[in-house]
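This report describes one protein chain for a reader who has not met it before. Please look at the model below, and then follow the text from its strands to its loops.

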Amino acid sequence: MDAMERAGFVFKGAAAGAQIRMMAAAWHGLWLLLLAGALGPWGAAAALPPAQPPPDVEFTFLLPAGRRECFYQSAPGNGTMEAEYQVIGGAGLDVDFSLESPSGVLLINEYRKSDGVHTIEPTEAGDYKLCFDNSFSTISEKLVFFELLFDSPQDEEDAESWAEAVEPEDMLDVKIEDIKESIETMKSRLERSIQMQTLLRAFEARDRNLQESNLGRVNFWSAVNLGVLVVVAFLQVYMLKSLFEDKRKVRT
């Protein structure tokens with residue numbers, strides 16, 4: 001009987017302990033909800049990770065005659081955006097270009113240009129509007145290439161955390177700042193090399209289209225000239241032959 005009473009007391013104690021832990025967990029969750037509500041948007045913003053720049057964009061499209069095409073691209077705030085475009089095909093190799101900020105401000109407006117490079121710094125958070133207009137042309141369509149490059153300043157916290165992960169400067173032969181500067185310089189030069197290679201490919205495509213168009217024109221007019229020369233040669237032979245013909249009748 002004593003053993004059964006002791007087991008009952010142990011069972012009651014365990015149940016009471018479980019109830020206390022459940023109540024403590026409930027109060028802890030309620031306290032977290034109240035704290036989140038008190039912080040409001042500042043608490044949510046602090047929990048969110050920092051915004052990362054979107055990936056670079058490259059696009060080639062065909063702009064019909066008399067049409068206007070617009071594209072939208074989101075960009076983070078306080079960053080850098082570089083917009084480049086080039087007309088690589090079509091008569092005249094020109095197009096109208098405009099760029100609007102997310103607030104509706106017209107930043108760039110160009111007329112009848114074959115290419116252009118523009119840098120927006122600092123950027124405004126939101127969707128930028130890029131428009132290409134070929135409404136001035138009624139016959140010729142245009143092949144347009146454009147590229148958007150994004151960059152954001154490096155966070156100081158990330159740089160400090162990276163510096164804390166290595167040994168102190170007095171134990172290194174080369175300072176951390178020198179290594180960071182070399183890495184950043186190499187990164188910027190590699191990005192510039194990629195950008196220049198993309199532009200060179202666009203120039204190559206435009207020159208190839210222009211050469212193919214000129215080749216077609218040269219072949220057409222060469223065929224026309226050849227046909228005219230053949231016709232003129234036959235006419236000359238016929239006329240010379242007709243001059244030496246004796247049309248008088250011979251009586252026998």
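In this predicted model, strands β1 and β8 run antiparallel and are joined by seven bridges, where two strands count as paired if DSSP finds at least two bridges between them. Within this pairing, Val57 stands opposite Leu148 in β8. Helices (H or I, at least four residues) and strands (E, at least two) are DSSP runs, numbered from the N terminus.

The pairing belongs to an open sheet of four strands in the order β1-β8-β3-β6, with antiparallel pairing. Because β1 and β6 (115-120) stand at the edges with a single partner strand each, one side of each is left without a neighbour in the sheet. From one strand to the next, the twist averages 15°. Strands of a sheet pair through backbone hydrogen bonds, either parallel or antiparallel. Helix α4 (residues 176-243) lies across β1, β3 (80-89), β6 and β8, and it runs at about 20° to β3; for such angles, axes are lines fitted to C-alpha atoms, for helices over the stretch in contact (heavy atoms within 4.5 Å), and the angles run from 0 to 180 degrees between N-to-C directions.

Aromatic rings are the next topic. Rings of Phe, Tyr and Trp (its six-membered ring) pair if their centres lie within 6.5 Å, with planes under 30 degrees apart counted as stacked, over 60 as edge-to-face and the rest as tilted. By this rule the chain has 13 aromatic pairs. In one of them, the ring centres of Phe61 and Phe146 are 6.1 Å apart and the planes stand at 70°, so this pair is edge-to-face. Since Phe61 lies in strand β1 (residues 57-63) and Phe146 in strand β8 (residues 142-151), the pair ties together parts that are 85 residues apart in sequence. Phe61 and Phe146 are both buried, a word that stands for under 20% relative accessible area, whereas exposed means over 50% and partly exposed lies in between (1.4 Å probe, protein chains only). One aromatic cluster is formed by Phe59, Phe61, Phe71, Tyr85, Phe97, Phe132 and Phe146.

Some loop residues deserve a separate look. Most residues other than glycine have a negative phi, and most peptide bonds are trans. The peptide bond from Glu121 to Pro122 is cis, with omega near -5°, and Pro122 is placed in the loop between β6 and β7 (126-133). Two residues that are not glycine have a positive phi, as the table shows.

| Residue | Phi | Loop | Relative accessible area |
|---|---|---|---|
| Asn78 | about 60° | between β2 (68-75) and β3 | 60%, exposed |
| Leu93 | about 50° | between β3 and β4 (95-100) | 16%, buried |

Taken as a whole, the chain has four helices and eight strands, which follow the pattern α-α-β-β-β-β-β-β-β-β-α-α along the sequence. Of its 252 residues, 22% count as buried. Among contacts between residues at least 6 apart in sequence, 76% join residues at least 24 apart.

Residues are numbered from 1 along each chain as its sequence is written, and side-chain values use heavy atoms, with hydrogens and water left out. As the model is predicted, local features need pLDDT of at least 70 and side-chain atom pairs count only at pLDDT 80 or more, while totals for chains, interfaces and linings use all residues.
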